[in-house]
Amino acid sequence: MKLYADHSARFAGQVLADILFVCWLVAWVWVGLVVHDATLDLAGPGRQTAESASSLAGSLTDAGDGLGGVPVVGDSVATPFDQAAAASEKLAAAGREEVRTVDRLARLLGLAIALIPILVVSVFFVPRRLRFVREATAAQRFIDAQADLDLFALRAMTHQPMHVLARVSDDPVGALRNGDRAVIARLAEIELRTHGLRPPSGARA
């Protein structure tokens, strides 16, 4: 697999772009975690309310159970405590629901903050990078398989702009038909350069 170009300038640019892309990913993942944690702090009051209300409900229930054993008046005395315990438990349930809501919000905000900029850059960067790897890898196999560069010279004739071909030869088609190895090598070199490759040793004009 051909990940980077042979030419030093393009190689350096690709390595730098990959490093910046990874740094971009890490930075926005970190920002997403910071937002998640900051949002999660909003659940503090709800958590404290749930814990306090649950503790109060337990205390009131214990008190009601203790008073319920008093002869004659036990049940009537325990009833207010039981009702207060039930109200406290409802308050605790509301606090727990608040914590769950904030937790879901924290996850959603953290993911959104991280994923949106990551996806925006990835949509432009990743396909272009993969396209280079795919084309350079395929081109490298042809170079490794044979020293004949006619294929790349032919591709240059169809892919390169006219002014580029004119710099190689006044009649590149005729030179190709006549087997002019110097022109063929030059055309192939131009085409290979677009794929980030160098021609094999001894194949240059």
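Author: Let's start with a term we'll need: a charged patch here is made of residues with over 30% relative accessible area and no salt bridge, with like charges joined within 9 Å. For the sign of a charge, Lys and Arg count as positive. Keep in mind that the model we're looking at is predicted.

Reader: Okay, so what does the chain look like overall, and how many helices are there?

Author: Reading along the sequence, you get the pattern α-α-α-α-α-α-α. There are zero strands in the protein chain, and the count of helices is seven.

Reader: What percentage of the residues in the protein chain is buried?

Author: A residue counts as buried when its relative accessible area is under 20%. The protein chain has 205 residues, and the buried ones make up 33%.

Reader: And what share of the area that the chain exposes comes from carbon and sulfur atoms?

Author: The protein chain exposes about 12700 Å². Of that area, carbon and sulfur atoms supply 65%.

Reader: Back to that patch idea. Which residues gather in a patch of positive charge on the surface?

Author: Since Lys and Arg count as positive, those are the residue types to look for. Helix H3, residues 74–145, gives the most to this patch, with three residues. The members are Arg-10, Arg-128, Arg-131 and Arg-134.

Reader: Let me pick one of them. Is Arg-131 buried, partly exposed or exposed?

Author: Arg-131 has its place in helix H3. The cut-offs are under 20% for buried and over 50% for exposed, with partly exposed in between. Because its relative accessibility is 39%, Arg-131 counts as partly exposed.

Reader: There's a nonpolar patch on the surface too. About how much accessible area do its residues have together?

Author: The patch is formed by Ile-116, Val-120, Val-123 and Phe-124. Phe-124 lies in helix H3 and is exposed, with a relative accessible area of 63%. Together, the four residues of the patch have about 430 Å².

Reader: Now the charged pairs. How many salt bridges does a search of the whole structure find?

Author: Side chains of opposite charge can pair when their charged atoms come close. Searching the whole structure for such salt bridges gives a count of seven.

Reader: Asp-18 and Arg-129 meet in one of them. How many residues apart are they along the chain?

Author: Their side chains come together at 3.0 Å, N to O. The pair links distant parts of the chain: Asp-18 sits in helix H1 (residues 8–40) and Arg-129 in helix H3, and their separation in residues is 111.

Reader: Are those two partners buried or exposed?

Author: The bar for buried is under 20% relative accessible area. Asp-18 has 15%, so it is buried. Arg-129, at 14%, is also buried.

Reader: Which residues are linked with Arg-100 in a network of salt bridges?

Author: Arg-100 forms a salt bridge with Glu-97, with their closest N and O atoms 2.8 Å apart. These two both lie in helix H3, three residues apart, which is about one turn of the helix. Arg-100 is partly exposed at 42%, and Glu-97 is partly exposed at 34%. The residues linked with Arg-100 in the network are Glu-97 and Arg-104.

Reader: What about Glu-189 and Arg-186: which helix holds them?

Author: They form a salt bridge, with the closest N and O atoms 3.7 Å apart. Glu-189 counts as buried at 17% relative accessibility, whereas Arg-186 counts as partly exposed at 38%. Because they are three residues apart in the helix, about one helical turn separates them, and that helix is H7.

Reader: Let's look at Ile-143. Which residues is it in contact with, leaving aside its neighbours within four places in sequence?

Author: Ile-143 lies in helix H3. At 9% relative accessibility, Ile-143 counts as buried. One of its contacts is Pro-200, which is 57 residues from Ile-143 along the chain, with 6.9 Å between their C-alpha atoms. The full list is Phe-152, Leu-192, Leu-197, Arg-198 and Pro-200.

Reader: Last one: how far apart in space are Gln-48 and Ala-92, C-alpha to C-alpha?

Author: Gln-48 is found in helix H2, residues 44–68, and is exposed, with a relative accessible area of 52%. Gln-48 and Ala-92 are 44 residues apart in sequence, while in space their C-alpha atoms are separated by 9.1 Å.

Technical notes. Residues are numbered from 1 along each chain as its sequence is written. This is a predicted model: local features need pLDDT of at least 70, side-chain atom pairs count only at pLDDT 80 or more; totals for chains, interfaces and linings use all residues. Side-chain values use heavy atoms; hydrogens and water are left out. Patches are made of residues with over 30% relative accessible area and no salt bridge: like charges are joined within 9 Å, nonpolar side chains (Val, Leu, Ile, Met, Phe, Trp, Tyr) within 5 Å. Accessible areas come from the Shrake-Rupley method with a 1.4 Å probe; for residues, only the protein chains shown count as cover. The place of a charge is taken as NZ of Lys, CZ of Arg, CG of Asp or CD of Glu. Helices (H or I, at least four residues) and strands (E, at least two) are DSSP runs, numbered from the N terminus. Buried means under 20% relative accessible area, exposed over 50%, partly exposed in between (1.4 Å probe, protein chains only). Contact means heavy atoms within 4.5 Å.
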